[in-house]
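The following exercises concern a single protein structure. Work through each task before reading its solution.

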Amino acid sequence: MEERRLCDSDYRFMMILWEHAPVGSGELARLCQSRLGWKKSTTYTQIKRLCEKGLIKNEKAVVSCLITKEEVQAKESDAFVERTFGGSLPKFLTAFLGGRKLSAGEVQELKMLIDRHQE
């Protein structure tokens, strides 16, 4: 699903849409103008582009999402770990922590996550 990766402007637009969907295209244009400084034509172009990518739909001037925020975050995270750390989660965690100590609660939470995702 590489075609579902979002550039920064797509992601900022989708953040607004995830928060308000389903939303009328006119209201979405107003939201994008106030939050992103976009003109109405920019928002409508964005709607058209993301519809063509299959990420959103626009039916009767009501825009809704076809992909969740969590799906996008998972894809982006996977791509980042793959590109930056050769797909190694331990290398990613080592770099992310940067020598920082974890609380007992954080350690327990991570252990539970690992147990849930273990093969």
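**Exercise 1: a residue in a helix**

In this predicted model, Gln 46 touches Ser 9, Asp 10, Phe 13 and Trp 38, leaving aside residues up to four places away in sequence. Determine where Gln 46 lies and whether Gln 46 counts as buried or exposed.

Solution. Step 1: Gln 46 belongs to helix α3, which covers residues 40-52. Step 2: the relative accessibility of Gln 46 is 6%. Step 3: buried means under 20%, so Gln 46 counts as buried.

**Exercise 2: two helices in contact**

Describe how the axes of helix α4 (residues 69-85) and helix α5 (residues 89-97) cross, and state which residues make the contact.

Solution. Step 1: the two axes come within 9 Å and cross at roughly 90°. Step 2: α4 is therefore roughly perpendicular to α5. Step 3: α4 contributes Phe 80, Val 81 and Phe 85, while α5 contributes Leu 89, Lys 91, Phe 92 and Ala 95. Step 4: by class, six residues of this contact are nonpolar, none is polar and one is charged.

**Exercise 3: the sheet**

Give the strand order of the open sheet and identify the strands that stand at the edges.

Solution. Step 1: the three strands follow the order β1-β3-β2, with antiparallel pairing. Step 2: β1 (23-24) and β2 (56-59) each have a single partner strand, so they stand at the edges, with one side of each lacking a neighbour in the sheet. Step 3: β1 is joined to β3 (residues 62-65) by two bridges, and Val 23 has Val 63 in β3 as its bridge partner. Step 4: helix α1 (residues 8-20) lies across β1, β2 and β3, at about 100° to β3.

How values were computed
Residues are numbered from 1 along each chain as its sequence is written. This is a predicted model: local features need pLDDT of at least 70, side-chain atom pairs count only at pLDDT 80 or more; totals for chains, interfaces and linings use all residues. Side-chain values use heavy atoms; hydrogens and water are left out. Helices (H or I, at least four residues) and strands (E, at least two) are DSSP runs, numbered from the N terminus. Buried means under 20% relative accessible area, exposed over 50%, partly exposed in between (1.4 Å probe, protein chains only). Contact means heavy atoms within 4.5 Å. Axes are lines fitted to C-alpha atoms, for helices over the stretch in contact, and angles run from 0 to 180 degrees between N-to-C directions. Angles under 35 degrees count as roughly parallel, over 145 as roughly antiparallel, 65 to 115 as roughly perpendicular and the rest as oblique. Ala, Val, Leu, Ile, Met, Phe, Trp, Tyr, Cys and Pro count as nonpolar, Asp, Glu, Lys and Arg as charged, and the others, Gly among them, as polar. Two strands pair if DSSP finds at least two bridges between them.
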